[in-house]
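Visitor: I am new to this structure and would like a close look at a single part of it, namely the links that hold pieces of the chain to one another. Could you take me through them with care?

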Amino acid sequence: MRIDREAFLLLTAALAGCRTPPHDAPKVGPDTRAAAPSPSPSNAPSALCDELRKANLAEAKKATGACVAEPRTTFPMVGDVTSARKDLDAAAGDGRLACREAKGANAGAWGLELHDARLSAPSMEGVPHCGWKARAELVFQAPDGARSRIDLGEMVSAGGPLTTRVALREVFDFDGDHRAEAVLEQAAVDLDGCPEPAALRVLQAAPQGIRDYPVGAHFTDVLDADGDGRPDLVDETFYLSHDRIGGMCGATPVRGAPILLHSLRDGTFSRTDGVARAFARAQCPSKPKLPHDDVPCARIWGESEASVRKDVEAAFPKPAGSFDADPRGMALEFAPVAPPFAPLSTDTPAPLAGVERRR
């Protein structure tokens, strides 16, 4: 089990996504604005990235606003207008606003475009920082030059690392329709200093507009587990518990073994096939001697919920007070969760080459 306590707090200065739109956010139709003509389909993706970079730099230069602290603020302003403008110019031109084209196929490109850039003074942990805000749009350009776009909300910078981030983790044509999908990561840091977990979505540019791709299950990361060149997805929160002691941001998440969503050539993802089970074996190489040693791995190897509960309750006494560590409670949160595939004890798969434990 991996306890994400101090690690989350240390990431607050480095996290840079907009707050995640609802999973059922309205679909956004094709862009009605005229797309720039392309000499040929093969040049369209590169043309998009170059055009977006120029547009973002132009938007940065015309940013308006001022850094004014709230009336009741007692701390001095961190940074100034000059530094905020310099940071905005850098973000527009140095790659923080990503643009990527599909690899190995002429399947289009995805990029981020800024609008309504302005200077502001967000207060982080009570201290005003001279920074900037801008509305972000995600743009898809097909090989024929046609474009679609979707509004991602507001990006914010507090005079340094982006406190909200939008990143393109992968661009890949999962369903083989010659229109690449985008694995989009969005993350936010609460201005009071409490981070929010990054959220990932797979978006597709259908003829009707940009919409969520039907992955079929929750996921939190992306990697190529079996080395076939197709990005796979990972759910690091399938086994999720909480340390009740936590900290100033509340209970600390405790993660067990992650689960793989294996990318198949028909455009779907499998949590039950041989690759998914082999990935699980890489996370849980053998059955724990005692279930309470690693409850998620015990369940993955076929231990029943009843036997896990019996072992955990015998191994851990109930905590004496509300501020005591509660390994019993954390382990019992894992106990009801059965793996999505046949237990590894029924037919132990060969391990995947090069896959390491992610905990």
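Guide: What follows is a walk through the disulfides and then the salt bridges, with a short setting beforehand.

The model in front of you is predicted. Its protein has 359 residues, and 48% of them are buried, while the secondary structure amounts to 7 helices and 18 strands. The accessible surface comes to about 16,700 Å², and carbon and sulfur atoms account for 55% of that area. Against this background, a search of the whole structure turns up 3 disulfides, and the structure also holds 17 salt bridges.

Let us begin with the disulfides. A disulfide is a covalent bond between the sulfur atoms of two cysteines.

One of them joins C49 to C99, with an S to S distance of 2.2 Å. Because C49 belongs to helix α2, which covers residues 44–61, and C99 to strand β3, which covers residues 99–101, this pair ties together parts of the chain that are 50 residues apart in sequence. The link of C49 and C99 is left-handed, with -80 degrees about the S-S bond. As for its surroundings, C99 is partly exposed, at a relative accessible area of 24%.

Another disulfide is formed by C67 and C130, whose sulfur atoms are 1.9 Å apart. Here the link is right-handed, with 75 degrees about the S-S bond. C67 sits in the loop between β2 (64–65) and α3 (81–93), and C130 sits in the loop between β6 and β7, so the pair ties together parts that are 63 residues apart in sequence. Both C67 and C130 are buried.

The loop that carries C130 deserves a pause, since H129 is also found between β6 (127–128) and β7 (131–141). The side chain of H129 reaches the backbone oxygen of V127 at 2.8 Å. With a relative accessible area of 16%, H129 falls under the 20% limit and therefore counts as buried.

The disulfide still to be visited is that of C284 and C297, with sulfur atoms 2.0 Å apart. The torsion about its S-S bond is about -75 degrees, which means that the disulfide of C284 and C297 is left-handed. C284 lies in the loop between α4 (274–283) and α5 (295–300), whereas C297 lies in helix α5 itself, and the two are 13 residues apart. Both ends are covered: C284 is buried, with a relative accessible area of 1%, and C297 is buried as well, with a relative accessible area of 3%.

From these bonds we can turn to the salt bridges, taking some examples in turn.

R135 forms a salt bridge with D151, and the closest N and O atoms of the two are 3.1 Å apart. This pair links distant parts of the chain, as R135 is in strand β7 and D151 is in strand β8 (residues 147–157), 16 residues apart. R135 counts as partly exposed at 27% relative accessibility, and D151 is likewise partly exposed, with a relative accessible area of 37%. The two also take part in a network of salt bridges in which E113, D116, R135, E137, R149 and D151 are linked.

A further salt bridge is that of E185 with R169, where the closest N and O atoms are 3.1 Å apart. Since E185 lies in strand β10 (residues 181–189) and R169 in strand β9 (residues 164–172), the pair ties together parts that are 16 residues apart in sequence. The two partners fall into separate classes of exposure, for E185 is buried, with a relative accessible area of 9%, whereas R169 is partly exposed, with a relative accessible area of 27%.

The last example is the salt bridge of E236 with R358, with the closest N and O atoms 3.3 Å apart. It links distant parts of the chain that are 122 residues apart: E236 is in the loop between β14 (232–235) and β15 (240–247), and R358 is in the segment after α7 (327–334). E236 is buried, with a relative accessible area of 12%, while R358 is partly exposed, with a relative accessible area of 24%.

Definitions and conventions
Residues numbered from 1 in each chain as written. Predicted model: local features only at pLDDT ≥ 70, side-chain atom pairs only at ≥ 80, totals over all residues. Heavy atoms only, no water. Helix = DSSP H or I, 4+ residues; strand = E, 2+ residues; numbered from the N terminus. Buried < 20%, exposed > 50% of the residue type's maximum accessible area, 1.4 Å probe, protein only. Polar contact = N/O pair within 3.5 Å; in protein donor to acceptor, adjacent residues only side chain to side chain. Areas by Shrake-Rupley, 256 points an atom, 1.4 Å probe, with all protein chains shown as cover. Salt bridge = Lys/Arg side-chain N within 4 Å of Asp/Glu carboxyl O. Disulfide = S-S within 2.5 Å.
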